[in-house]
Structures are given as C-alpha cells and as structure tokens.
Amino acid sequence: MSLAYIALGANLGDPAATVNAAFAALDQLPQSRLLAKSALYRTAPVGIADQPEFVNAAALIDTTLAPEALLDALLGIEQAFGRVRAERNGPRTLDLDILLYDDLMLATPRLTLPHPRLHLRAFVLQPLADLAPDLAIPGRGRLAAWLPAVANQGICRL
C-alpha cells in the first residue's frame, strides 16, 4: 500500500458540498481507502481573479493504484462531478490533484510528483498541514518551513 495526498478544490455550484461529496468518492476508489481529510478552506482564486472563491481541502488515502492509475481514477471522479477543462486556472466544479505519492519523485508527460507548485500555495499547504504537520516534501524539505511564505495569501477555515 502507498500513501497519497490529494488536493480538492471547487468554486462552482455549492463548492463545500462538492468537496464533501468528493471525499466520499475518494473513499470509493478501487484498491484505496480514505484515511484522513482536512478541514475545508475558503480561498481566493489564483490566476483568473474574476471568478468565485474556492473551497479547498486535502485528503490522505492508502492505495495500491499506481500513480498514473490513481490520476486516471481522479480524472474520472472530476468528470462524474461535471468538470469541464475550458481554461487553465478557470472556474471548476471539482479539481483533484495528486500532491504526494509516498516519497516518489516523478516527472512524466502526464504527472509530476510532488505536485510542482504545492509549496507555493496556501490553499494546498494549510490543508496538508491539517493532515500531517511534520510532513516532508521530497526535494523541498518540511511543509512547516513553507507555511510562512504563503501566510499572506488569504485563506480562511470554514
């Protein structure tokens, strides 16, 4: 079994309800089990400012799915929730990203692990800190060391 941290985000419809439903969907993934979920956080959008605020969270799962198989499963959940990829950083019904998969460092055309921008975003780091405050990010050091750098990004626990 492998441990994978997943980022969840939504800003269309009822984003808090969507993220909570997505936690349940993660628990139904084949060969996987939801171990923990963070609090929900309201955050400002990144990139395209003219869109609703996001609700973000993180989950920890135990899985035997390989990283790219897990990615495919997450994309399937997004699709089931009506995700349409119209524009980068645009509004979305649900966004699921693999942040970490064990201590794996990977770069393929489809997947980079750890997630390449996780250390730059409060909406990722704070939910991760809920789950594992002493977490080591491969190639980046301790999660806690990155939190001060994103403290001004405006994140509010729901």
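**Exercise 1. Leaving aside its neighbours within four places in sequence, which residues is Leu-74 in contact with?**

Keep in mind as you work that this is a predicted model.

Step 1. Pick out Leu-74 and skip anything within four places in sequence; you're left with Ile-6, Leu-26, Leu-29, Leu-96, Asp-97 and Ile-98.

Step 2. Now zoom out to the largest nonpolar core, which has 28 residues. Leu-74 is among those that touch the most other members, along with Ile-6, Leu-70 and Ile-98.

Step 3. Ask which elements feed this core: E1, helix H1 (15-27), E4, H2 and E5 each supply at least two residues.

Step 4. Don't stop there, as another core lies apart from this one. That other core has 19 residues, including Leu-99, Ala-122, Leu-128 and Ala-132.

**Exercise 2. Work out whether Ser-2 is buried or exposed, then find its polar partners.**

Step 1. Place the residue: Ser-2 sits in strand E1.

Step 2. Check the accessibility. The relative accessible area of Ser-2 is 12%, so it counts as buried, the cut-off being under 20%.

Step 3. List what Ser-2 touches beyond four places in sequence: Ile-61, Asp-62, Thr-63, Tyr-101 and Asp-102.

Step 4. Look for side-chain polar contacts. Ser-2 has one of 2.8 Å with Asp-102, and one of 3.5 Å with Tyr-101.

Step 5. Follow the chain to Asp-102, in the loop between E5 and strand E6 (106-107). Asp-102 is partly exposed, at 35% relative accessible area, and its phi is positive, near 50 degrees, though the residue isn't a glycine.

**Exercise 3. Describe the largest pocket: what is its volume, and how many residues line it?**

Step 1. The volume comes to about 780 Å³.

Step 2. The lining is made up of 34 residues. Nearest the centre you'll find Arg-92, Asp-95, Asp-97, His-115 and Arg-117.

Step 3. Sort the lining by element. Two or more residues come from each of strand E1 (2-10), strand E4 (54-63), helix H2 (67-80), strand E5 (95-101) and H3. E5 gives the largest share, five residues.

Step 4. Sort it by chemistry: the lining has 17 nonpolar, seven polar and 10 charged residues.

**Exercise 4. How many residues of helix H3 are buried?**

Step 1. H3 covers residues 122-131, and eight of its 10 residues are buried.

Step 2. Name them: Ala-122, Phe-123, Val-124, Leu-125, Pro-127, Leu-128, Ala-129 and Leu-131.

Step 3. Tie this back to Exercise 1, where Ala-122 and Leu-128 turned up in the 19-residue core.

**Exercise 5. Hunt for backbone oddities: where is Pro-114, and what is the phi of Gln-31?**

Step 1. Pro-114 is in the loop between strand E7 (112-113) and H3. The peptide bond leading into it from Leu-113 is cis, with omega near -10 degrees.

Step 2. For Gln-31, phi is positive, about 55 degrees, and again this is not a glycine. Gln-31 belongs to the loop between H1 and strand E2 (32-37).

**Exercise 6. Which residues does Arg-42 touch, not counting those up to four places away in sequence?**

Step 1. Locate Arg-42 in strand E3 (residues 41-43). Its relative accessibility is 32%, so Arg-42 is partly exposed.

Step 2. Its contacts are Glu-53, Phe-54, Val-55, Gly-154, Ile-155, Cys-156 and Leu-158.

Step 3. Finish with a distance: Arg-42 and Gln-79 are 37 residues apart along the chain, with 23 Å between their C-alpha atoms.

Technical notes: Residues are numbered from 1 along each chain as its sequence is written. This is a predicted model: local features need pLDDT of at least 70, side-chain atom pairs count only at pLDDT 80 or more; totals for chains, interfaces and linings use all residues. Side-chain values use heavy atoms; hydrogens and water are left out. Buried means under 20% relative accessible area, exposed over 50%, partly exposed in between (1.4 Å probe, protein chains only). Helices (H or I, at least four residues) and strands (E, at least two) are DSSP runs, numbered from the N terminus. On a 1 Å grid over the protein atoms alone, a cavity is a set of points where a 1.4 Å probe fits but cannot get out, and a pocket is an open set with protein on both sides within 12 Å along at least five of seven lines; lining residues have an atom within 4 Å of a point. Grid points are joined across faces, edges and corners, and a volume is the space filled by probe spheres set on the points. Ala, Val, Leu, Ile, Met, Phe, Trp, Tyr, Cys and Pro count as nonpolar, Asp, Glu, Lys and Arg as charged, and the others, Gly among them, as polar. A nonpolar core is a set of buried Ala, Val, Leu, Ile, Met, Phe, Trp, Tyr and Cys residues joined through side-chain atoms within 4.5 Å. Contact means heavy atoms within 4.5 Å. A polar contact is a pair of N or O atoms within 3.5 Å; within protein, one must be able to donate a hydrogen and the other to accept it, and residues adjacent in sequence count only if both atoms are side-chain atoms.
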